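Hi everyone, thanks for making time this morning. I'd like to walk you through a structure, so please have it open as we go.

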Amino acid sequence: MSNIFKIKSPFEPAGDQPVAISKLLEGLNKGMQKQTLLGATGTGKTFTMANVIAQYNKPTLVIAHNKTLAAQLAQEFRLFFPDAAVHYFVSYYDYYQPEAYMPASDTYIEKDASINKEIDMLRHASTQALLTRPDVIIVASVSCIYGLGSPEEYEKVNLKLEIGMKLDRLTLMKKLIEIHFERTNADLTPGSFRSIGARVEFMPVSETVMYQIEFADGKIAKITKVDPISAQIIKEEKNIFIFPAKHFITEDKKKANALVAIKKELNTQLKKFEKEGKLLEAERIKRRTNYDLAMIKEIGYCNGIENYSRHLSGKAEGEPPETLLSYFPKTGFLTIIDESHVTLSQLNGMYAGDASRKNTLVEYGFRLPSAKDNRPLKYNEFQERIGPVIYTSATPSEVERKESEQIVEQIIRPTGLVDPETIVRPVSEKTSYKGQIQDFISETEKTIAKGFRVLATTLTKKMAEDLSVYLKDKKIKAEYLHSDIKTMDRIKILTRFRKGGLAPSGAEGFDVLVGVNLLREGLDLPEVALIGILDADKAGFLRSETSLIQTIGRAARNSEGKVILYADVLTEAMDYALKETERRRNIQLAYNKKHGITPKTIMKKIQDITEEMESEHGKVVNAELGLDLEVFKRAYAKELKKDKKSNKKVPNTSLGQSYLSDEEIGNLIYEKIIKMKEKEMSKAVKELDFETAAILRDEIGVLKLRLEKKQ
């Protein structure tokens, strides 16, 4: 079998990497189900795993314990595998309050959630890639073990449209509604469609391009892929596949059977409550379930429909749900669990927390017992579904050590960088917390003056927020980062941090990032030369052996890295972390001496991961920059050359020449698009197609507003 993954990198494996790659592949080929890569921070674990993926040659699932780290890993794997399908799969909730009941205070909390449509689009792109191509790498959070809907049903109901196919406009619209597309008369968004004259326009749920389907004599006459902003034709297609707008898909026959099964379960539960004398609970579950049944029957959906997933999918009681893992090929795939010392405990704890909440809801009549089957996978069920797995961590826990058939150590950094200088600085009772801050500010100012960045770790979110405000008062550019920050905002904050306050474009950059525990695992920040660990001697998870080693490791990508632990007492955790750091430091120093290596700070391109994700799906509008100039330079090359009336020199993009600034080109392009749309609007009015005219009018208004802002 030819290699489906082709790694592209200017670097070759170095240091411990060649041996680590060889041993891990040897283990996989021998059939080892569990291995651990013990890789010190900055040794290039991701590059090692990329080489393993390329040579193992199977689809891969990479699981990270938080969304920010998952986004960073997705970006890195995209750079290594530009021709493969590398996707990002995390929970699509920006905010999520699960349904719950607290008997002690008789308080019922209704489910409340805010869905991020962009992330939902990325989730669909992930599942569609798994169903349509072999060269797939999915970087996911632990949301990959939650119910997702059957891949068989999802794939079964996709629509294939092709030129000459016998199909009329109304039938296509009906089919789109059946797979959960929504009709609109306004601008298209992913998962929506509209009917204009003799054609239907829709936007797939996994990307932001528009397709126009034109009909003639009861057949499809033309399929056109169009840019939704400029209305420029991207490509004419012979055929396309349309996947459902939602992952949970149920056939009409299964839905009818589900309604019968739900009604039957309701009757059983009512008898149980009546026998136990729970009349209030009986009335509660009766009203709710009958209302939900009516909604499902009439419109095919109800709030909280996922609680009936067992009946809708036709599964037996207690049977595990379908998850992202179900979409991977049955022929096998590789699983990599990144920062396993944290991720494994998350995977192991998801089921118990969910079950406790559901049991209370069922006991007090808010949900039927079958709601308990809408759940994440149990840890043993997860393990049964993943096949060979490689744990990666700088500090593997006892779980990985016991389960792994081999542990491969990767301590040496190809860059020659050593573990940072680590200092314990006492904090006397007189100076207390405030004394830590004054010393930290003094060290911070020295570091910023050298052009580097600084991290500070606190014990609580409130302390992180307060410290960032205090630093700003002292004229130090600082921001805080913790779990309350939205997913995409976290990624943008890290990008701004890497740019720094002294960068040429640094109006948005800053120099000090303050956080709690999100700063520990896997964040690749080579610009960081100083880390201040406040209250390092306070006992607890955030100051454990593992946490301290991980935190210290954040400064190991910079040749001038230094870590200050503010503490009055040398705890056991601190002592272990200091000794382990020194051991690794000595190994690296010996390697450097033997090979004549002078350590150099890692130079890494600063890239906004969110922009990368957006451009991948064809987005040409950026909230800050307006239009993607390169896309429109190509699209409007001919029009720009024809612009003879202007006194300005006009760019000829087909020859690679540009005499105007990007800003001038952008304004010119905006003006041309507006003129083009105004002509289309006038034509639509003459043809009495007022629906199209109204849409064009709205688009012109948006474009004019953006042009005004740019000027």
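Let's begin with Phe328, which has a relative accessibility of 3% and so counts as buried. What does Phe328 pair with? Its partner is Phe333, and the two rings are stacked, 4.4 Å centre to centre with 25° between the planes. Planes under 30 degrees apart count as stacked, so that 25° is what earns this pair the label. Phe333 is buried as well, at 6% relative accessibility. Before I go further, please keep in mind that this is a predicted model.

There is another stacked pair to look at, made by Phe202 and Tyr211. Here the centres are 5.5 Å apart and the planes differ by 20°. Are these two residues buried or exposed? Phe202 is buried, with a relative accessible area of 1%, and Tyr211 counts as buried too, at 8%. The cut-off for buried is under 20% relative accessible area, so Tyr211 at 8% falls on the buried side.

How many aromatic pairs are there in total? The count comes to 10. Ring pairs also link up into a cluster, whose members are Tyr101, Tyr108, Tyr364 and Phe366. If you want to colour something on your screen, that cluster of Tyr101, Tyr108, Tyr364 and Phe366 would be my suggestion.

Now for the chain as a whole. The protein chain has 711 residues, and 52% of them are buried. In secondary structure, you'll find 22 helices and 27 strands. Take the contacts in the chain with a separation of 6 or more: 74% of those are between residues 24 or more positions apart.

On to helix packing. Helix α1, residues 17–29, packs against helix α2, residues 45–56, with the axes 9 Å apart and an angle of about 40°. That angle makes α1 oblique to α2, and the crossing is right-handed. Which residues make the contact? On the α1 side they are Gln17, Ala20, Ile21, Leu24, Leu25 and Leu28. On the α2 side they are Phe47, Thr48, Met49, Asn51, Val52, Gln55 and Tyr56. Sorted by class, the contact of α1 with α2 has 9 nonpolar residues, 4 polar ones and no charged ones.

Further along the chain, we come to helix α16, residues 545–553, and helix α17, residues 572–595. Their axes come within 8 Å and cross at roughly 45°, so α16 and α17 are oblique to each other. The crossing of α16 and α17 is right-handed. From α16, the contact uses Glu545, Leu548, Ile549 and Ile552. From α17, it uses Ala573, Met574, Tyr576, Ala577, Glu580, Thr581 and Arg584. What classes do those residues fall into? In the contact of α16 with α17, 7 are nonpolar, 1 is polar and 3 are charged.

I'll finish with a loop residue. Where does Asn307 sit? Asn307 lies in the loop between α8 (279–299) and α9 (309–313). Although Asn307 is in a loop, it counts as buried, at 6% relative accessibility. Leaving out residues up to four places away in sequence, Asn307 touches Glu99, Lys358, Arg367, Ser370, Ala371 and Asn374.

That's my tour, and I'm happy to go back to any part of it.

Key: Residues numbered from 1 in each chain as written. Predicted model: local features only at pLDDT ≥ 70, side-chain atom pairs only at ≥ 80, totals over all residues. Heavy atoms only, no water. Axes fitted to C-alpha atoms, helices over the stretch in contact; angles between N-to-C directions. Helix = DSSP H or I, 4+ residues; strand = E, 2+ residues; numbered from the N terminus. Parallel < 35°, antiparallel > 145°, perpendicular 65-115°, else oblique. Left-handed = near helix turned anticlockwise from the far one by under 90°. Contact = heavy atoms within 4.5 Å. Nonpolar A, V, L, I, M, F, W, Y, C, P; charged D, E, K, R; others polar. Phe/Tyr/Trp six-rings, centres within 6.5 Å; stacked < 30°, edge-to-face > 60°. Buried < 20%, exposed > 50% of the residue type's maximum accessible area, 1.4 Å probe, protein only.
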